[in-house]
Amino acid sequence: GQRIGVHTGPVVAGVLGLKRLAYDVWGDAVNTASRMESNGVPGLIHISSEMYDCVDSMTNVFDFTCCGKMDIKGKGEMITYLAKPRREEHSVVS
């Protein structure tokens with residue numbers, strides 16, 4: 001099963017290289033999203049409380065479950081949520 005982690009916040013984006021170009025993004029938001037993914041549950045979307053504040057009105061699309069406080073490596077204790085798509089047509093997880 002696939003794990004997905006989502007966070008929101010500022011990032012820096014740029015292109016690296018001269019011959020072979022690569023686009024990348026950096027920042028604390030990227031690192032936090034990565035931690036959400038690595039601490040996630042296969043088949044569900046693990047989101048930070050900041051992301052939950054952005055999407056908590058989307059209860060017609062997702063069922064949200066609070067995970068409570070979790071110890072997230074490099075971040076300390078964070079309140080996180082799991083989002084599960086409500087209907088197949090809204091599914092973002094295959």
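1. Start with S48. With a relative accessibility of 0%, where anything under 20% is classed as buried, S48 counts as buried. S48 is placed in strand β4. Leaving out residues up to four places away in sequence, S48 touches V6, H7, T8, M36, M78, I79 and Y81. This is a predicted model, and the remarks below should be read with that in mind.

2. Overall layout. The chain has two helices and six strands, and from the N terminus on these elements run β-β-β-α-β-α-β-β. The C-alpha trace spans about 45 × 35 × 25 Å along its principal axes. The chain has 94 residues, of which 28% count as buried. Among contacts in the chain with a separation of 6 or more, 54% are between residues 24 or more positions apart. The exposed area of the chain is about 6,200 Å², and carbon and sulfur atoms supply 52% of that area.

3. The sheet. Four strands make up an open sheet, in the order β1-β4-β6-β5, with mixed pairing. β1 (4-6) and β5 are the edge strands; each has a single partner strand, so one side of each lacks a neighbour in the sheet. From one strand to the next, the twist averages 25°. In general, the strands of a sheet pair through backbone hydrogen bonds, in a parallel or an antiparallel sense. Between β5 and β6 the pairing is antiparallel and covers 10 bridges. One of the residues to look at here is M70, whose bridge partner in β6 is M78.

4. The helix on the sheet. Helix α1 (residues 28-38) packs on the sheet and touches β1, β4, β5 and β6. The direction of α1 makes about 145° with that of β1.

5. The nonpolar core. In soluble globular proteins, nonpolar side chains tend to be buried together. Here the largest nonpolar core has 10 residues, namely I45, I47, M51, Y52, V55, V61, F62, F64, Y81 and A83. Two or more of these residues come from each of β4 (45-48), α2 (49-55), β5 (62-72) and β6 (76-85). With three residues, α2 gives the most to this core.

6. Aromatic pairs. How many aromatic pairs are there? The count comes to three. Y52 and Y81 form a stacked pair, with 3.8 Å centre to centre and 5° between the planes. Because Y52 lies in helix α2 and Y81 in strand β6, this pair ties together parts that are 29 residues apart in sequence. Y81 has a relative accessible area of 15%, so Y81 is buried. F62 and F64 form a tilted pair, with 6.0 Å centre to centre and 45° between the planes. Both F62 and F64 are buried. Y52, F62, F64 and Y81 form one aromatic cluster.

7. Surroundings of F62. Which residues is F62 in contact with, leaving aside its neighbours within four places in sequence? The contacts of F62 are I45, A83, K84, P85 and R86. Of these, I45 and A83 also belong to the largest nonpolar core, as does F62.

8. Where the points meet. Y81 appears in several of the remarks above. Y81 is touched by S48, is a member of the largest nonpolar core, and forms the stacked pair with Y52. M78 likewise appears twice, as the bridge partner of M70 and among the residues that S48 touches.

Key: Residues numbered from 1 in each chain as written. Predicted model: local features only at pLDDT ≥ 70, side-chain atom pairs only at ≥ 80, totals over all residues. Heavy atoms only, no water. Core = buried A, V, L, I, M, F, W, Y, C linked by side-chain atoms within 4.5 Å. Buried < 20%, exposed > 50% of the residue type's maximum accessible area, 1.4 Å probe, protein only. Contact = heavy atoms within 4.5 Å. Pairing = 2+ DSSP bridges. Axes fitted to C-alpha atoms, helices over the stretch in contact; angles between N-to-C directions. Phe/Tyr/Trp six-rings, centres within 6.5 Å; stacked < 30°, edge-to-face > 60°. Areas by Shrake-Rupley, 256 points an atom, 1.4 Å probe, with all protein chains shown as cover.
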